[in-house]
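I opened this entry to keep a record of what I looked up, chain by chain.

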Amino acid sequence: MWLPIHIDENRPEPLYHQIETQLRGLILGGQLTEGTLLPSIRELAVALKCSVITVRRVYQDLENEGLLRTRQGTGTFVAGVDLTAREGHRLDRVVEAFERAVETALQLQCTWEEMERILRETYEKAKNEKEVGP
Amino acid sequence: MTAQQSDDVALRLAGVAVRSERFALGPLDLEIPRGIVTAVIGPNGSGKSTLFRLLMNMEPYQEGKAELLGMTIGPDADESYKQRIGFLAELPYSYEDALTAEEKARFASLWYPGWNWDRYRKLVRGFDAEEANRTKLRKLSKGLRRKVELAGVLAPNPELLLLDEPSSGLDPFAWKTMIDELQRYMEQGDRTLIIATHIAEEVKRLADCVLFLHRGKTLGFYEKDELFDSWRSITVSLEDEGASAANLKRAPGVQDAIESAPGIWQLATDRSDEAEAFCRSEGCRVIATRRMELEDIMGCLIRKEEARR
């Protein structure tokens, strides 16, 4: 099974953190539903070009959070997630994307006003495109 | 990383040293757990092949203790431990030159209890090497011979694979097949792979841990992701009047500092977070931070070791 996890080599966060955040997002965002069988540890490690030690750690952490459960001999599954937890994480990935954008803007000495204008223009543009439709 | 129970350890070296006229290896202290892939990397002549021969009891060692799959290696070792190991030497054996691939496989099938002809034939087909079956090995191209050799070490599905530069001579398609087959082998969970390689992409795709060798000594055994997470190349600009290059070299974990343009410095560090904070506190602007390639990390480790000699 393929998971839409993307590793950004240039991010300062350690690899396991990037994988964990995104996998948590997929579960809490509802893309991975209860009972979904996740790839084996080796399979995911190969797909992400990381070590099995990292994937084992991610699965372990998310199991401790109650998002995953492991059945001996069968594999690791997505556990049931309650709605409040899901709502609480809805904005997580958006916040992360904004953080990245702000970081780039600051590197290029963007002012607050410039950022605000870019956000407004980007939003308007996206909204218009959506309304016109493909 | 340590594994407590001896059952969890595939390879244990305690103060192992080879002192021959040609070459000195060690002393090496190392513990490799089962179920993981370790890439052994190092320049030519760093001792990779000597280490592999030692593990196959083909190279006597004078000091320390080497254990493989719970067996102590040495003159008194029961050679049957090799039935649990698939070993691919760096170069083909000339005494096999007159055999065909099929004859070599038949010989191996007598030695390995786990030999599986179905698996062997599937592998040979997967490597697109069926033409080699009835040809003498000496007449095969380097790559074709490598393909049937790979099929031969994988066919018995051994507990441990020791592969010495397995991809040398392989075309890109066969290389991909090899990577896939090694992944499938590791999927079983309890298998262990130790692979000597010069190819960074093999390390990226396969390895869980990396062992650096140089002049017969280890420059470190790292978990791969930790290694790539902690080593960074930081580009800083000396903006402030007060900022000085001499101070930069004192940044935490700095392994290398090069002025790449006037006032712009490249630092290689294995403690990137602290080094970045340090540069900022010294009045420098951090322009970029990026991960380092394996060969750059290796280069830094070697330069540091050479400076110490």
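The notes below cover chain B, then a helix pair in chain A, then the contact between the two chains.

Entry 1, status. I am working with a predicted model.

Entry 2, chain B overall. I looked up the secondary structure of chain B and found ten helices and 14 strands. I then took the extent along the principal axes: the C-alpha atoms of chain B fill a box of roughly 75 × 40 × 35 Å. Chain B has 309 residues, and 39% of them are buried. For chain B I also checked contacts between residues at least 6 apart in sequence; 69% of these join residues at least 24 apart.

Entry 3, helix pair in chain A. I took helix α1 (residues 15-28) and helix α3 (residues 52-64), both of chain A, and found that their axes come within 9 Å and cross at roughly 45 degrees. An angle from 35 to under 65 degrees falls in the oblique class, so I logged α1(A) and α3(A) as oblique to each other. The crossing of α1(A) and α3(A) is right-handed. From α1(A), the contact uses L15(A), Y16(A), I19(A), E20(A), L23(A) and R24(A). From α3(A), T54(A), R57(A), V58(A), D61(A) and L62(A) take part. I sorted the residues of this contact by class and got six nonpolar, one polar and four charged.

Entry 4, chain A against chain B. How many residues of chain A are in contact with chain B? I found 16, and they touch 14 residues of chain B. On the chain A side, α1, α2 (41-48) and α3 each give two or more residues. By class, that side divides into eight nonpolar, four polar and four charged residues.

Conventions
Residues numbered from 1 in each chain as written. Chains lettered and ligands numbered in written order. Predicted model: local features only at pLDDT ≥ 70, side-chain atom pairs only at ≥ 80, totals over all residues. Helix = DSSP H or I, 4+ residues; strand = E, 2+ residues; numbered from the N terminus. Buried ≥ 20, exposed ≤ 12 C-beta atoms within 10 Å, placed from the backbone. Contact = placed C-beta atoms within 7 Å. Axes fitted to C-alpha atoms, helices over the stretch in contact; angles between N-to-C directions. Parallel < 35°, antiparallel > 145°, perpendicular 65-115°, else oblique. Left-handed = near helix turned anticlockwise from the far one by under 90°. Nonpolar A, V, L, I, M, F, W, Y, C, P; charged D, E, K, R; others polar.
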